[in-house]
Amino acid sequence: MSKKVQDLEKGLNELTQGRTLPGLARILSDSDDFLYVSLDLIKIQEQVRHNIDTESESFAALKESIREKGVLEPVKLLKRETDFLLLIGERRFRACEILGLPNIPATILKGNLTAGEILGMQLAENLQREDLNIIDEAKAYVKYYTQRTGKGDLLSALTHYDRGKERLNSADEVAVSEIVKIAGKTPRTVFNVISLLKLPNDIVESIEKGDVSSTAGYVLASSMESPDFERMLKAALDGATIQEIKNHKATNESAKKQSHAGGRPLKKSYAQKLADIRIAVIGKAGSITAKEAKELLKEIEFFRKVILKISGER
């Protein structure tokens, strides 16, 4: 058994010993019914998992395995009055649909499960995937937190949780606590993983594909407010090593220290100040509202007119 699976099982065990997700205790211990269920009777609600890529190599391999050997691991379903709710195994279900199979082997869970218990099961199942990449892991945490609380700022919640749980309301504290326990990681580690989602789309996609390492992503995420961020970003996309990426920042910081040697800090030009603002906006693009975007456009237009007037251009 891999260490990742052991850590996840430990997290689940901790949860089932308390009141947080009592349904998981039943799921792990009950000898539930096993049936072949018609695909037409199975319904899917919104899952913790990110959208399934049915064109990926791993999904193609899953389809081929099912075509040759059948579904080796049953999906988990919850019996309702007239149908079944899919809890775990959406990839297997989708593969069977595409292959045109009439039914799928399933374990039918007993008892009533709360929405929180279902989400906890799905998060744990997703984190055990062999093909899980760090970006999908980050998205799973955020989606779980959003579905549990109706909020999207998990980074802020993790920061407060790490500094003192009393800073959070009870619902946020429970959601963050469940994420940390199911993942089997410290709040700081989960924070670092989620911070990768703040990066520009091109670097996020490169990390997701494995072209850029998660370690390089962590370095970039912690340097987004740096004036050297764009140089570091370009270096990462060009395949630079971790040390080479860091050197882009270190070299510039060394130059700053030399310019400060006379006792007076080097005054930034207006262009440098605007560059700092640009980096800040890029880093927070996902959280900028439509109203704020319109205000930014007004300011940009104002600066454009002033600069054109100063330069004598029209």
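Biologist: What makes the contact of the side chains of Arg148 and Glu178 a salt bridge?

Modeller: In this predicted model, a nitrogen of Arg148 and an oxygen of Glu178 are 3.0 Å apart. The cut-off is 4 Å between a side-chain nitrogen of Lys or Arg and a carboxyl oxygen of Asp or Glu, so the pair of Arg148 and Glu178 counts as a salt bridge.

Biologist: Which parts does that pair tie together?

Modeller: Arg148 lies in helix H6 (residues 134-149) and Glu178 in helix H8 (residues 170-183), so the pair links parts 30 residues apart in sequence.

Biologist: Why is Glu178 called buried?

Modeller: Buried means under 20% relative accessible area. Glu178 has 0%, so the word fits. Its partner Arg148 has 30%; that falls between the limits of 20% and 50%, so Arg148 is called partly exposed.

Biologist: Good, that is clear! How do you know that Glu125 and Arg92 form a salt bridge?

Modeller: The closest N and O atoms of Glu125 and Arg92 are 3.5 Å apart, and the rule asks for within 4 Å, so this pair qualifies too. Glu125 belongs to helix H5 (residues 115-127) and Arg92 to helix H4, so parts 33 residues apart in sequence are tied together.

Biologist: Are those two residues buried or partly exposed?

Modeller: One of each. Arg92, with a relative accessible area of 12%, is under the 20% limit and therefore buried. Glu125, at 24%, is above that limit but not over 50%, so it counts as partly exposed.

Biologist: What about Arg94 and Glu90: what makes them a salt bridge?

Modeller: Their N to O distance is 3.2 Å, which is within 4 Å, so the rule is met. Both sit in helix H4, four residues apart, which means about one helical turn separates them. Glu90 is buried because its 14% is under 20%, while Arg94, with 28%, is partly exposed.

Biologist: Which residues are joined into one network with them?

Modeller: Salt bridges that share partners join Glu90, Arg94 and Glu97. By the distance rule, the count comes to nine salt bridges.

Biologist: Where is confidence highest, and where is it lowest?

Modeller: Helix H4 (residues 90-99) has the highest mean pLDDT, 94, and helix H2 (residues 22-29) the lowest, 42. Over residues 12-31, pLDDT stays under 50. The protein averages 78, and 74% of the residues score at least 70.

How values were computed:
Residues numbered from 1 in each chain as written. Predicted model: local features only at pLDDT ≥ 70, side-chain atom pairs only at ≥ 80, totals over all residues. Heavy atoms only, no water. pLDDT = per-residue confidence, 0-100. Helix = DSSP H or I, 4+ residues; strand = E, 2+ residues; numbered from the N terminus. Contact = heavy atoms within 4.5 Å. Buried < 20%, exposed > 50% of the residue type's maximum accessible area, 1.4 Å probe, protein only.
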